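Biologist: Could you pick one part of this model and take me through it slowly? I would like to see what it sits against and how each description is defined.

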Amino acid sequence: MAAENGRPVRLIEQPEAMRLRLLAASEHGLSMADTLNVALQQVIADLGGLGGLAHWRDPGSDRLRLVASSGLTPKLAQAWADLRADEDVPPARALHSGAFVWVAEDSMGTGASGTAAVPLLGASGRIGALSVFTTGPDEPKPAQRSFLRSVAAWAAGRLEQSPGTPSGVDSAPREPPATGRPGGQAPGRRVMAIRHWEYDAATGSVTLTPPVIDMPGESLQALDESADLCRHLPRMEDLPTFTADIREAYDSGTTHDTEYRVHHSDGTFGWVRARGHIVKGEEGTAARMVGTLWGPAYTEAAGDPVVAAVRHMNEGLLAVDADWRITFVNEEAERLLGPGRTPLGSALWDIPLGRVPGVEAQCRRASAERKPIGFDLHGPTDQRIRRVRLIPLQGGGLTVYFAGFTDGRPGGRGDSAASRAGAGRTARMSELTAALSEAVTSSDVVKAVAEHVLPPFGADGLVVNALEGGRLHVVGSVGYTEGFLSQISGISLTSHMAIAETLRTRTPVFVESPAEYHQLYPHFEGFVAASAKRAWAFLPLIASGHAIGCCVVSFSRPRSFSEEERTLLIALSGLIAQALERARLYDVEHTRAQELQRGLLPRTLPCLPAASAAARYMPAGKGEEVGGDWYDLIPLSGDQVAIVIGDVMGHGIAEAAVMGQLRTAVRALADLELGPAELLTHLSELVADLGDDKYATCCYAVFDPVTRTCSLSLAGHLPPVIVHPDGTVHTPELVGDPPLGAAEPPFETHVLHLPDESLLVFCTDGLVESATRDIDQGMAQLRQTLAGAVARPPYFPTGTPPDDTRHLDDLCDTIVSALLPEGEQTNDDAVLLVAHTRGTPRGSVASCSLPHDPRAAGQAREYVRSQLAVWELEDLAMTTELLVSELVGNVIRHASGPIRVRLLRSRSLICEVYDGSLTSPRIRRAAYTDEGGRGLHLVAALSQRWGTRHFDEGKCIWAEQSLPLAH
């Protein structure tokens, strides 16, 4: 509490106290510029002001220099940029008097109703002033004045404590720090140059003012009088890019805070920082964005002769900080790294050098072991082999030194030995590279590593782990038991085991004896005993900047690792990582493709009374291993069976999707009991609707076991090969129609009469056509293979149950082995479908004709009763009589003759009623007052399933019943 005009007042109200606590909480990590900006924002908010200014006192000229502004346009801020200390303006008066100043007028045309100013009082005296333009005509309240003075005192104290601030009154703000900013680590005082900029949303342009501050004794080398940023900000493509950055911040409603690099005329560089915020218009909406361009005009290190010498030396030199950010690159290193922007400020792993296999592991190893490391490296641009030396820096960071070429002219005997050793290393890497380039799956990668890495080093153990979901899983191994692998598979990345720690730190670890392992990992002594190994090289697998796994090369005896061996193993781990990443992607896509194909093709083929079948699907030898070939076996009414095979032209995921649509459509159309020609007509229309570039071949066949006929239609597809029971093999000469999508209906229907126990062999062209043979040669080879196979029993064994398809599976394997030898890759998918047909025994079929009059129902019941007695199915007599009575009665009332009843005894009892009408019966909901309409409800309730199939001369209504268990 304090007293003013005799009355006690509270100096700081609750909001002000909260703001002071906010300032106190944000003391750490703020630069001078951030300090002044935070101070201005707080006092402007507290006083409800339009804007604010921060000035610092230049002791050399006794003038006030503007170092920060908030809420003002660049033009208004520039008017306050340079003030005399004795000038009659609020900032100067506050500095001169050392007390709070209030001016109830707008002396500078800001549009404010008044100006409040307080001095910045430091330990060494008055170092500047803080001013706020207010909106109301009344003088700020005592609490507001007290808060203004408190904030000014806080800001002054922070400015004097900031490193790099000159002793005395020099409180010029340094450039704001940026995380990982290149140049931020350079010692020496930064001298600031400031411009204001304004973004006009209406025109979409950015305007820049001339420099606001010209520090005494220094010239503005970072920015001259011109507004042309292209020359000064080479990291920006052009001025529109700078405008686009600001426009993006404006459109997103956020503040703008971006850094750009600036070249000095002496070849050194600095950084400028563009910072701004949105200014609301009269209606409270965003109208423009204003900001300040902060930049270093000069660095004390710029003229350092050592820096100049290093910059222009003939050997490449690159430095990174503890966060692996590039802080220095000399001219030769820039040339070696290839064309493009200077990578200063980038992470080492984001440039081509950092992505070279083995480089990241070597760098992390040098940093972890705190000792220099040398190794050979293929240049990212010229691919010449250079000697690279890594030297850790005091306090963190690393220097990368590119020495001369190692493939130069030998200078003597020692050089020859080194050359031979280097040639040996290069040969090993070349062999492994060639093997890994041919590796497709993860297993192939492990096999290549085992063959080309283990023997040269005398190793006998290998484990390759992949990182999945934060855990390490064994991909492949050599020289380890399954029990040991189960212990290390699935360990968490946070585990303290060697393989997890190696991957977590991305640093290779070489353990030369069990004693050393116990010393490094005392909690895992059991690991050594279980592994039966005595030395290990734990190598992190880094690919595309990401840790993807770990490779462990192990030895049965303790051994030491020379520097050359360590370097070579680390380099090889980079090659392994790239191959494993590619293989893992292939494994994932391969698995997805297989799952897709399995989902689109039938998992199993049904074993039906009339036919059993076996099939083989052979994907193409390359690509996604998924295509558009399909097959199916569909049960129909009356024990008939539909056999389908097709091929969508093309190969890949899109063709597989079309195949899935066609297979679904075929099953839906087959359920309607359509004939082959009509079904292909509908299917062709579907393919045509998919696009002009979509075509498919198809063969749709229907086998009737009662008549032993096979009716089929061909849409650009190969006809089936028929194998008779006596071993005769032939291909019927059938003229097919064009493929689906290109054919014009009607399709032709072909009828084949088959002996009992015949084989129908269907295939797609991928099975019989290849680069070495045409289709005719392939079909001839297929017939020859079939003739030789069926000549050896027992492909037609007597009494074989329908569900026993072993002989068909064996036949499929024989055909595939003959036409697609192992190791031969095909350019197209291939499908083989072999169907074994069986006719219905004569004694299991019974039929009779009925007159077209009401007496037919009674005659039908009597016929059914007598026939079921012959088949010893009296248990079904009552139900079957009721079914046939309803079906015959329906024909008499709604259809026309002739009427015929047929009974089939198979796995079920099938009752069929034929008539001469094409009208299909439909179940409808009968009202309480309706006398009819309930017959089909009764048929559906009494039968297992029922339906209708049509012929050219009429239709058949059928119903199936399950046989008693005894039958």
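Modeller: Happily! Let's take helix α19, which is roughly antiparallel to α20; angles over 145 degrees get that label, those under 35 are roughly parallel, 65 to 115 roughly perpendicular and the rest oblique. Please keep in mind that this is a predicted model, where local features need pLDDT of at least 70 and side-chain atom pairs count only at 80 or more, while totals for chains, interfaces and linings use all residues. Residues are numbered from 1 along each chain as its sequence is written, and side-chain values use heavy atoms, leaving out hydrogens and water.

α19 covers residues 653-671 and α20 residues 676-689; helices (H or I, at least four residues) and strands (E, at least two) are DSSP runs, numbered from the N terminus. Two packed helices are described by the angle and the distance between their axes. Here the angle is about 150° and the axes are 10 Å apart. Each axis is a line fitted to C-alpha atoms over the stretch in contact, and angles run from 0 to 180 degrees between N-to-C directions. The crossing of α19 and α20 is right-handed, meaning that the near helix is turned clockwise from the far one by less than a right angle.

On the α19 side, the contact (heavy atoms within 4.5 Å) uses Gln 661, Leu 662, Ala 665, Val 666, Leu 669 and Ala 670. Their partners in α20 are Leu 679, His 682, Leu 683, Leu 686 and Val 687. By class, this contact has nine nonpolar residues, two polar and no charged; Ala, Val, Leu, Ile, Met, Phe, Trp, Tyr, Cys and Pro count as nonpolar, Asp, Glu, Lys and Arg as charged, and the others, Gly among them, as polar.

An α-helix has 3.6 residues a turn, so residues three or four places apart point the same way. The buried residues of α19 include Leu 662, Ala 665, Val 666, Leu 669 and Ala 670, and also Glu 655 and Arg 663. Buried means under 20% relative accessible area, exposed over 50% and partly exposed in between, with a 1.4 Å probe and protein chains only. Besides α20, their cover includes α18 (563-600) and the strands β26 (627-635), β27 (641-651) and β28 (696-704).

As for its length, α19 has 19 residues and reaches 27 Å from its first C-alpha to its last, close to the expected 27 Å, which is 1.5 Å times one less than the number of residues. After α19 comes Glu 673, with a positive phi near 60°.
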